[in-house]
Every structure is written in C-alpha cells, then in structure tokens.
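The following exercises ask the reader to work through the architecture of one protein chain. Each task is followed by a solution in steps.

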Amino acid sequence: MPISTKPYPKQRTPLFWQLNCRQPKGAQRPMTAMTSPTAVSLAQSFVTEPPLPAKIVRQAPVRIDTLLTKAEFVSLVRHMLNGNPVSHFLTVWRDQDGSARFAKAKPHRNAETHARWTYDTIIGSAKRKTSMGLYAKNKDNESTWGALDFDAHDHAQRAVAEGRAIRAFTLLLQYRDRFLILSASGRGYHVFILAHEPRPVTEWVRVLKDTAASVGAPVQDGVCEMFPNEKTAEQEVGRAIRVPGSLNPATGEVEKIMADTIQPLLECLARLETAHNNATRERNSFAPGKLSLVKEANSYSYRQRQGFFAGSTQRLIEEVMAKYPISTRGTRNGILVKFVGELFRKFGYALSERIVRLHYSANAANVRTSLAEHLREFQEAWKSFVKKELARLSRSERERFDKLQTEPQCEAFFLCRSFAKLNSEFPLSRASLADRLSVTPPGAGYVIDKLIEVRTIEKTAEAKPHSKPARYRWTVE
C-alpha cells in the first residue's frame with residue numbers, strides 16, 4: 001500500500017498522549033486539545049488523517065513508577081509472561097565496564113522476583129542494576145502482547161523513529177480491547193500493544209506488520225523490529241524485548257514512558273488477582289457452605305467477553321453459526337471453507353476467529369481434528385479469500401484500496417463491497433461496524449471517514465437516532 005512520505009517535524013520534547021490514562025502522581029490536569037492550538041497543530045502534523053478523540057499536551061516523558069506501583073508493575077510482568085514457566089525470561093544487566101549483557105534466566109530464577117528487582121532499579125534503590133526481557137509467545141503460539149521497536153542509532157534517525165512511533169501508537173488506538181504503551185528506549189522508541197487474553201502469534205504479526213507498513217518503517221534489524229515476528233511461530237523461543245520502563249543496559253538509563261492507556265488492564269489484573277486470592281482462601285477453609293463461593297470466585301475472569309456495541313451482532317453470529325452445522329464426521333473441512341466464506345463477507349478477521357472457535361466447540365462431538373489445526377485451516381482459508389477478492393477488484397477499486405493504511409480499513413472495504421452487491425444502498429451502523437471489525441465505535445467512525453475520503457463510499461441518508469443507521473452507496477466502478 002502507498003505510504004505517506006510527509007516528513008515529521010522536529011521537536012525538543014516528545015508528545016505525551018493523554019488518552020483515558022492515569023495522570024502521573026502530582027501532575028495537573030492537562031488542557032484539552034480544544035484549548036491548546038499549538039498542541040493541535042503538532043498533532044495534526046504527525047497524523048495525516050483526523051485523530052481519534054484525545055487530549056494532547058507537551059510534557060516530558062516520565063518514569064514508569066509515576067504511573068505504576070511496584071505491585072502493578074509485577075502484575076504487568078506476570079501478564080506479559082504469557083503463562084510460560086517462571087524462569088522463562090531474559091536477564092539483562094550492565095557490566096562493570098559499562099557493556100550490556102543478556103542471558104537466558106537459569107531454571108531457579110523467578111520472573112516475579114526479578115520484576116521486583118527491575119522496579120527497584122527503576123526507582124534507584126537497587127544495589128545492583130538489572131532489567132529483564134520477555135518473549136512474545138508461549139507453547140500454544142499465543143501471546144498477550146506485541147511490540148514494535150523503532151531504532152534510532154544517530155541524531156538524524158531519531159526524529160524519523162519518533163514520528164513513526166507516535167504514528168504507530170495512534171493507528172493502534174483503533175483496536176478494541178487493546179492497551180498501549182509508548183516509550184523512549186534511549187536508542188529509539190518502543191510501542192507495546194497488550195490484550196486481556198492470549199491471542200495467536202499470527203494475529204499479532206498481521207497487526208504489527210500492517211502498522212509498520214502504514215508508518216513507512218521497513219521491518220528489518222536496525223530500523224523496525226516486531227515482537228513477535230513472522231518467524232516466531234516456527235521458533236522454540238523467539239526473541240525477547242525488555243519490559244516497558246526498564247533499564248536500558250546499552251545506555252545505563254531507564255526507559256521513559258511517553259504515553260499509556262493501560263489503566264483498564266491494570267484494574268482487570270488486580271480484580272483477577274483478588275478473585276484468585278479469595279478462591280485460595282475459600283479452598284483452604286473447612287467451613288461448610290463455601291463451595292459455591294469458591295466456584296464463583298474461580299469462574300470470575302477479566303477474560304470474559306464483553307457485550308457487543310450493537311444489539312444485532314449476537315443474533316447475526318448465531319444465525320451464521322446455525323447455517324453451518326457439522327452433523328456428521330468427515331465433513332468438517334468442507335463446511336469450514338463455506339463457513340469462512342460467509343464470515344469473510346460479514347465480519348473482520350479477529351471476530352471471525354472467535355466465531356470459528358465457538359463453532360468448533362458447538363460441533364465438537366463430530367470433530368476429530370484438534371482446535372489448533374482447525375484454526376490453522378481457518379487462517380489459510382481466510383488468506384485464500386483475501387487473495388481471491390484482491391484479484392477480483394477492478395482497476396479503480398484497487399486504486400482506492402491501496403490508499404487504505406490499516407487492517408480495519410481494508411476489512412471495512414471488503415465488507416462494504418459485499419453489502420453493495422446485495423443492495424445498491426446499504427445501512428452502515430457505527431456500532432455494528434465496530435463489532436464486526438473488533439474496534440471501538442470512534443475507531444469505526446474513523447474507518448468510515450477514511451472510506452469516504454478515498455471516494456469508496458458516500459452517504460445517501462443521515463442516521464435517525466434510536467431508529468435507523470445512516471445509509472451509504474458504493475461509488476467505485
């Protein structure tokens with residue numbers, strides 16, 4: 001896809017994006033973008049499209065201890081450990097001669113203990129400075145997070161790396177139920193994107209690769225690195241990246257946080273830990289009548305799927321699943337291909353993958369293939385449909401498609417094209433589109449605006465509140 005070549009302006013202090021995130025301790029409430037024309041102009045110079053709602057102020061980066069307590073930092077590391085063994089992490093330190101050192105943790109090491117030492121290093125109370133790195137995969141080839149590392153090895157590259165990192169942070173805000181950390185690592189910038197639950201490595205690779213392409217960053221050592229990357233799924237361990245806000249052994253300085261939106265995730269982790277502790281206490285109690293409480297506590301999890309934005313989404317999912325039952329053994333593969341074909345015309349990849357998991361569970365009695373293999377076949381079928389649809393695009397459609405910059409935008413392109421084949425004018429609800437693309441309603445509105453901007457769709461009728469969604473028509477021949 002074409003990438004904007006607009007140069008990023010130089011600035012003395014990076015932008016701090018205040019997006020529903022907690023303020024540093026003692027910080028004053030920032031002015032909104034509406035009352036800060038300078039901040040607005042700076043933001044617009046970094047983002048060529050209309051940004052999502054945000055408060056932007058000029059503020060120096062901060063240490064992570066101004067945002068997270070020690071307990072919260074350890075909880076975050078535990079979450080990013082991906083369910084791997086407690087010794088499955090990278091130890092990082094600075095040698096006496098100032099050289100950076102890295103080594104796989106020995107079997108007796110504990111990630112949570114090392115996370116406490118890392119936090120002590122951050123606040124300057126550690127006797128020996130240390131840091132740690134984590135791996136973006138587990139034995140099931142899943143991860144709760146992904147990251148982009150934008151390198152800047154000299155002054156000339158720094159402004160470019162900073163602009164790319166801020167742009168990537170902005171684009172990743174579109175993804176629903178994802179939480180972001182943007183940090184200055186000392187020799188570049190890190191953008192972390194985290195999820196409530198483990199997601200397939202292939203899904204993270206798609207998101208990170210599309211984001212890197214959108215900001216004009218070639219994925220290669222010394223420019224932009226992905227965690228996980230396209231080789232991670234085939235590797236036993238993969239590559240590690242330092243935890244956010246930790247000591248950079250190459251510079252001897254602590255990484256500074258430029259922006260974060262992880263407060264909701266931290267609150268969920270705290271609730272999960274409380275539920276686990278309550279369950280443990282109840283399990284150890286000899287008092288009668290407590291089993292129901294134990295069961296209730298054990299079933300509580302922040303990983304439970306939240307409701308949809310549109311009331312029609314759940315009903316539509318149930319209707320699609322009911323059309324493709326696996327009633328006899330040996331028919332799974334053929335039904336899966338037809339099922340994916342319909343999902344492709346109605347939903348984005350992320351929601352489709354969740355629907356396929358539900359469909360697998362509902363028809364487990366007549367399925368002998370493992371879930372992992374079933375999902376692999378789903379991914380291959382999805383890629384095949386994408387390839388076929390791209391080949392079917394007219395020249396003008398392909399020109400419009402190539403102007404899109406993110407995965408949700410591309411998925412919305414195909415969805416609207418499918419809607420237009422059924423009706424020349426079709427309804428397009430922002431809430432429904434948010435569900436289908438697994439983004440927020442503001443993100444869905446941003447996607448719609450982008451499709452209008454590249455002259456793919458145009459509005460034919462305004463929405464009627466609490467009654468009818470806006471209507472659009474496909475404008476490309």
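Axes are lines fitted to C-alpha atoms, for helices over the stretch in contact, and angles run from 0 to 180 degrees between N-to-C directions. The model examined here is a predicted one.

**Exercise 1. Describe how α9 and α10 pack, and state which residues meet.**

Solution.
Step 1. Two packed helices are described by the angle between their axes and the distance between the axes.
Step 2. For α9 and α10 the angle is about 145°, and the axes lie 11 Å apart.
Step 3. The crossing of α9 past α10 is right-handed.
Step 4. From α9, the residues I335, L336, F339 and L343 meet S352, I355, V356 and H359 of α10.
Step 5. Sorted by class, the contact of α9 with α10 holds six nonpolar and two polar residues, and no charged residues.

**Exercise 2. Is H359 buried or exposed?**

Solution.
Step 1. H359 is placed in helix α10.
Step 2. Buried means under 20% relative accessible area.
Step 3. The relative accessibility of H359 is 1%, and therefore H359 counts as buried.
Step 4. With neighbours within four places in sequence left aside, H359 is in contact with M321, Y324, I326, I335 and F339.
Step 5. For the chain as a whole, 52% of the 477 residues count as buried.

**Exercise 3. Identify the residues that touch the most other members of the largest nonpolar core, and the elements that supply this core.**

Solution.
Step 1. The largest nonpolar core has 51 residues, and those touching the most other members are F339, L343, F347, I355, F413, L428 and I457.
Step 2. At least two residues of this core come from each of α8 (312-323), α9 (332-346), α10 (349-362), α11 (371-392), α13 (407-422), α14 (430-437), α15 (441-453) and β16 (471-474).
Step 3. The largest share, eight residues, is supplied by α13.
Step 4. A second, separate core has 34 residues, including V62, I64, V77 and F179.
Step 5. Returning to F347, and leaving aside its neighbours within four places in sequence, one finds contacts with L316, I317, V320, S352, I355, W382, L415 and R436.

**Exercise 4. Determine the strand order of the sheet that contains β14, β15 and β16, and explain why β14 and β15 are edge strands.**

Solution.
Step 1. The three strands form an open sheet in the order β14-β16-β15, with antiparallel pairing.
Step 2. β14 (425-427) and β15 (457-461) each have a single partner strand, so one side of each lacks a neighbour in the sheet.
Step 3. From one strand to the next, the twist averages 40°.
Step 4. The antiparallel pairing of β15 and β16 extends over four bridges; R471 in β16 is the bridge partner of A461.
Step 5. Helix α13 packs on the sheet and touches β14, β15 and β16, while its direction makes about 90° with that of β16.

**Exercise 5. How many bridges join β3 to β4, and which residue in the hairpin takes a positive phi?**

Solution.
Step 1. Strand β3 (residues 90-94) and strand β4 (residues 100-104) run antiparallel and are joined by five bridges.
Step 2. The bridge partner of W93 is R101 in β4.
Step 3. The hairpin has five residues between the strands, and G98 takes a positive phi near 90°.

**Exercise 6. State how many helices and strands the chain has, and what share of its contacts joins residues 24 or more positions apart.**

Solution.
Step 1. The chain has 15 helices and 16 strands.
Step 2. Among contacts with a separation of 6 or more, 72% are between residues 24 or more positions apart.

Key. Residues are numbered from 1 along each chain as its sequence is written. This is a predicted model: local features need pLDDT of at least 70, side-chain atom pairs count only at pLDDT 80 or more; totals for chains, interfaces and linings use all residues. Side-chain values use heavy atoms; hydrogens and water are left out. A nonpolar core is a set of buried Ala, Val, Leu, Ile, Met, Phe, Trp, Tyr and Cys residues joined through side-chain atoms within 4.5 Å. Buried means under 20% relative accessible area, exposed over 50%, partly exposed in between (1.4 Å probe, protein chains only). Contact means heavy atoms within 4.5 Å. Two strands pair if DSSP finds at least two bridges between them. A crossing is left-handed if the near helix is turned anticlockwise from the far one by less than a right angle, and right-handed if clockwise. Ala, Val, Leu, Ile, Met, Phe, Trp, Tyr, Cys and Pro count as nonpolar, Asp, Glu, Lys and Arg as charged, and the others, Gly among them, as polar.
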